[in-house]
Amino acid sequence: MDFLKQMKEKAKKELQTIVLPESYEERNIKAAAAVLEEGLANIVLIGKKDEIIEKAGGLDIEKAIFIDPENYDRMDEFVSEFCEIRKSKGVTPEQALKTLMDPMAFGVMLVKMGVADGMVSGAVHSTADTLRPALQILKTKPGTELVSSFFIMVCKDTTYGDDGVLLFADCALNQNPNPAELACIAVDSAKSYEAFVGGEPRVAMLSHSSKGSAKHPDVDKVVEATKIAKEKAPEIKLDGELQLDSAIVEKVGAQKAPGSPVAGKANCLIFPDIDAGNIGYKLVQRFAGAEAYGPVLQGIAKPVNDLSRGCSAEDIVAVVAMTAVQAQISK
């Protein structure tokens, strides 16, 4: 069974409620119809029911939960809670109400208040627009220092990773993480790999250098991050700094990093910055025909996930399934 089928089967076992706040947008409507038809999750659509159904043009979304912020019977409660959350900023009830009229903030508040279990957005909004209300309202998960992102890459060639499945991080969020941040990304990614894919994570801290083959401050950053990550989570199989071929090709790993518990068999690739990560996942996606599932955000108190603005309806369905599984795990 391939990765997406596994996610869908897991999602079906314990239905979660997922908000699609960009509810008037065509791809989101198509995705909502598909998710409901497949029984992957309950779907919340934000806005006026008759207008959204008209936009659907015959697609069956009648089983969705429609919530209009302008006529929501719990809005006073939401406003009060939002004021409490943002009291350090001196937010007034009037300001809170105005903010919650925005579907992005309202969608996150539905998750905060337990009406929904997670949210998927980003088909028409930027990552910042998705992440800002999530961090303001939900905040980070206890024990997590940083919100980061990952992709699950499913390659046609099953030579690398675990039968062709690897985790790439961070490819979408943190521009140029410092050593402590990079270590946090690595540790959280290992936990995400175990939760989503199963099996033991083997984490490679990627660089243009393998075990001192090059000298540069960029290499020093990865070396320091590796040291911090090992101290934070000594139970995780993690090593660096490693070049890409040292990380995933057994013969090369044995030559360049003999004795490493990870070299030649890594299934979690931690990139030194977002440039390397974003370019790397897209190269594998386009040149190797790999399926890229994500970005999935890790470190937020409850699941909120971002989409590429170039996503398809099928991509949204996949991220909804993963968000539902993430919600199951978080419970």
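**Exercise 1.** Determine in which helix alanine 180 lies, and classify alanine 180 as buried, partly exposed or exposed.

*Solution.* Step 1: in this predicted model, alanine 180 belongs to helix H8, which covers residues 179-196. Step 2: the relative accessible area of alanine 180 is 38%. Step 3: partly exposed residues fall between the cut-offs of 20% and 50%, so alanine 180 is partly exposed. Step 4: as a distance check, the C-alpha atoms of alanine 180 and serine 260 are separated by 22 Å, with the two positions 80 residues apart along the chain.

**Exercise 2.** State how the rings of phenylalanine 78 and phenylalanine 106 are arranged, and which parts of the chain the pair ties together.

*Solution.* Step 1: a search of the whole structure gives seven aromatic pairs. Step 2: for the rings of phenylalanine 78 and phenylalanine 106, the centres are 5.8 Å apart and the planes stand at 40°. Step 3: an angle that is neither under 30 degrees nor over 60 counts as tilted, so this pair is tilted. Step 4: phenylalanine 78 is located in helix H4 (residues 75-85) and phenylalanine 106 in helix H6 (residues 103-112), so the contact ties together parts 28 residues apart in sequence. Step 5: phenylalanine 78 is buried at 0% relative accessibility, and phenylalanine 106 is likewise buried at 0%. Step 6: ring pairs also bring in Tyr72, giving a cluster of Tyr72, Phe78 and Phe106.

**Exercise 3.** Decide whether H6 is largely enclosed or not by the rest of the structure.

*Solution.* Step 1: the buried residues of H6 are Met104, Ala105, Phe106, Gly107, Val108, Met109, Leu110 and Val111. Step 2: these make up eight of its 10 residues, so H6 is largely enclosed by the rest of the structure. Step 3: after H6 comes glycine 114, which has a positive phi near 80°.

**Exercise 4.** Compare the sequence separations of three salt bridges: glutamate 9 with lysine 12, glutamate 26 with lysine 30, and lysine 256 with aspartate 245.

*Solution.* Step 1: the structure holds 16 salt bridges. Step 2: glutamate 9 and lysine 12 meet at 3.7 Å, N to O. They are three residues apart in helix H1 (residues 3-13), and therefore about one helical turn separates them. Glutamate 9 is partly exposed at 38%, and lysine 12 is partly exposed at 38%. Step 3: glutamate 26 and lysine 30 meet at 3.4 Å, N to O. Their separation of four residues in helix H2 (residues 26-38) again corresponds to about one helical turn. Glutamate 26 is exposed at 53%, while lysine 30 is partly exposed at 42%. Step 4: the side chains of lysine 256 and aspartate 245 meet at 3.7 Å, N to O. This pair links distant parts of the chain, since lysine 256 is in helix H11 (residues 250-256) and aspartate 245 is in helix H10 (residues 244-248), 11 residues apart.

**Exercise 5.** Identify the residues of the negative surface patch and of the nonpolar surface patch that includes leucine 283.

*Solution.* Step 1: the negative patch consists of Asp2, Glu291, Glu314 and Asp315. Aspartate 315 sits in helix H13 (residues 313-330) and is partly exposed at 37%. Step 2: the nonpolar patch comprises Ile279, Leu283 and Phe287, with about 360 Å² of accessible area together. Leucine 283 is in helix H12 (residues 274-287) and is partly exposed at 41%.

Terms used. Residues are numbered from 1 along each chain as its sequence is written. This is a predicted model: local features need pLDDT of at least 70, side-chain atom pairs count only at pLDDT 80 or more; totals for chains, interfaces and linings use all residues. Side-chain values use heavy atoms; hydrogens and water are left out. Patches are made of residues with over 30% relative accessible area and no salt bridge: like charges are joined within 9 Å, nonpolar side chains (Val, Leu, Ile, Met, Phe, Trp, Tyr) within 5 Å. Accessible areas come from the Shrake-Rupley method with a 1.4 Å probe; for residues, only the protein chains shown count as cover. A salt bridge is a side-chain nitrogen of Lys or Arg within 4 Å of a carboxyl oxygen of Asp or Glu. Lys and Arg count as positive and Asp and Glu as negative; His and the chain ends are not counted. The place of a charge is taken as NZ of Lys, CZ of Arg, CG of Asp or CD of Glu. Helices (H or I, at least four residues) and strands (E, at least two) are DSSP runs, numbered from the N terminus. Buried means under 20% relative accessible area, exposed over 50%, partly exposed in between (1.4 Å probe, protein chains only). Rings of Phe, Tyr and Trp (its six-membered ring) pair if their centres lie within 6.5 Å; planes under 30 degrees apart count as stacked, over 60 as edge-to-face and the rest as tilted.
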